[in-house]
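Reader: I should like to learn how to read a protein model feature by feature. May we begin with the way strands lie beside one another?

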Amino acid sequence: MALFKDSIRSYPGRKEDPSLERNFRGHKDAVTSVDFSANRKQLVSGSMDACLMIWHMKPHMRAYRFVGHKDAVMCVNFSPSGHLVASGSRDKTVRIWVPNLKGESTVFRAHTGTVRSVHFSSDGQSLVTASDDKTLKVWTVHRQKFLFSFTQHINWVRCAKFSPDGRLIVSASDDKTVKLWDKTSRECVHSFCEHGGFVNYVDFHPSGTCIAAAGTDNTVKLWDIRTNRLLQHYQLHSAVVNALSFHPSGNYLITASNDSTLKILDLMEGRLLYTLHGHLGPATCVAFSRSGELFASGGTDEQVMVWKSNFDVTDYEDPLKTQRFASSSKSDAKILPEMDFSEVSLGMKSQDSFRNSQAEAVTIPATVTNTLEHIVSQLDVLTQLHFDS
């Protein structure tokens, strides 16, 4: 495991570098998804080996292996209470598990294609699923009653997430769009079309005012959903970006890529903080714990890694920062700096030779393109940061 600090600037409120705490081995194929329970006592992972593993953060406790799906497990998610785990599979079913030694589950055929994503609402009452059948579906958790579906995507739907308040749903698709849905009216309220490839993953900022998406064009993009404005664009990975996760403070974002690295971004400062080399092969998934103290990652190397963030809690509980994210007025919609971040030299001959020098900011005039015209015209400047390898 190697960790490279991508900025030589010291940051107030950051105790020390992230560190690898645990390394779990038990899956027999690529790990596809990871998620922490709310109390941080358990971690669930799904794998192409068709199994779920429940890992205990307490030392010397044996993991639980859950068998039931008949094909690869593509996604897992703990309920907010931590009393249930949902999983979706290539066998087209969703299972709801009780994460204890018995590993009891209920199963229902949710889609006519692979289930790529499962996510509980914040109240734990609803579940949204996304599938290769090009649909999203919303279900009650109790008795798994089907409520309604969204059908406007024209290709596989890779990911779907509830907003923190449960009123909106965001989805990412191989049709190269990110769509925002109103749960009450059951309508698509906006489509974001800026990605140049399939969109693998999307999630809401903890404030509920922004979304971030990752794609096969190697980029990560952030939008303000109140103005539908593109706020930030990152091209820091040298390969497909598979997943991302917001720190609960909203100040940091972590990404996982086929280039085998995890990258930690400081969204408020607008810079790359760390590149973490731990996985031997593509990093397929990543997730912060609910407290932000830990994050977990999985890869095609069949490993689940648990890392300690080492972010100072007092830093992200600053009331002024909280107030910035809580504002809902359009005049204060710019909660993150509007910038474009690209790594120009992306050659990675080996993990050990990869270094990022301190970023140098270059201000250039805003450029209007066909695909970004309606958004770029609103930006005053695009700032491009060059990271030399």
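Reader: Which residue is the bridge partner of Val73 in E8?

Author: Strands of a sheet pair through backbone hydrogen bonds, either parallel or antiparallel. Two strands count as paired if DSSP finds at least two bridges between them. Here Val73 has Ser89 of E8 as its bridge partner. Strand E7 (residues 73–78) and strand E8 (residues 85–89) run antiparallel and are joined by 5 bridges. Please note that this is a predicted model, in which local features need pLDDT of at least 70 and side-chain atom pairs count only at pLDDT 80 or more, while totals for chains, interfaces and linings use all residues. Residues are numbered from 1 along each chain as its sequence is written, and side-chain values use heavy atoms, with hydrogens and water left out.

Reader: What do E7 and E8 form, and how many residues lie between them?

Author: They form a hairpin with 6 residues between them, and Gly82 in its turn has a positive phi of about 85°. The labels come from DSSP runs numbered from the N terminus: helices are H or I runs of at least four residues, and strands are E runs of at least two. By this count the protein holds 3 helices and 32 strands.

Reader: How many residues of strand E7 are buried?

Author: A residue is buried under 20% relative accessible area, exposed over 50% and partly exposed in between, using a 1.4 Å probe and protein chains only. In E7, 6 of the 6 residues are buried, so this strand is largely enclosed by the rest of the structure. Strand E26 (residues 271–277) is mostly covered as well, with 7 of its 7 residues buried. Over the protein, buried residues make up 60% of the 389 residues.

Reader: With which strand does E26 pair?

Author: E26 pairs with strand E25 (residues 261–266) in the antiparallel sense over 6 bridges. One bridge sets Lys263 against Thr275 of E26. E25 and E26 also form a hairpin, with 4 residues between them, and Gly270 in the turn has a positive phi of about 70°.

Reader: In what order do the strands of an open sheet follow one another?

Author: One open sheet has 4 strands in the order E2-E29-E28-E27, with antiparallel pairing. Its edge strands, E2 (19–25) and E27 (283–288), each pair on one side only. The twist averages 20° from one strand to the next, where axes are lines fitted to C-alpha atoms (for helices over the stretch in contact) and angles run from 0 to 180 degrees between N-to-C directions. Within this sheet, E27 and strand E28 (residues 294–299) pair over 5 bridges, and Phe288 has Phe295 of E28 as its bridge partner.

Another open sheet of 4 strands has the order E3-E4-E5-E6, with antiparallel pairing. The edge strands there are E3 (31–36) and E6 (64–67). Strand E4 (residues 42–47) and strand E5 (residues 51–56) pair over 5 bridges, and Gln42 stands opposite His56 in E5.

Reader: How many aromatic pairs does the structure hold?

Author: Rings of Phe, Tyr and Trp (its six-membered ring) pair if their centres lie within 6.5 Å; planes under 30 degrees apart count as stacked, over 60 as edge-to-face and the rest as tilted. The structure holds 10 such pairs. In one of them, the rings of Phe148 and Phe150 have centres 5.4 Å apart and planes at 75°, so the pair is edge-to-face. Phe148 and Phe150 are both buried.

Phe192 and Trp223 form a tilted pair, 4.9 Å centre to centre with 35° between the planes. Phe192 belongs to strand E18 (residues 187–192) and Trp223 to strand E21 (residues 220–224), so the pair ties together parts that are 31 residues apart in sequence. The relative accessible area of Phe192 is 1%, and that of Trp223 is 0%; both count as buried. In addition, Tyr64, Phe66 and Trp97 form one aromatic cluster.

Reader: Which residues touch the most other members of the largest nonpolar core?

Author: A nonpolar core is a set of buried Ala, Val, Leu, Ile, Met, Phe, Trp, Tyr and Cys residues joined through side-chain atoms within 4.5 Å. The largest core has 45 residues, and Val178, Ile211, Leu262 and Phe295 touch the most other members. A second, separate core of 14 residues includes Val34, Trp55, Met57 and Ala287.

Reader: Where is Asn310 found, in a loop between which elements?

Author: Asn310 is in the loop between strand E29 (303–308) and helix H1 (313–316). Asn310 is buried, with a relative accessible area of 8%.
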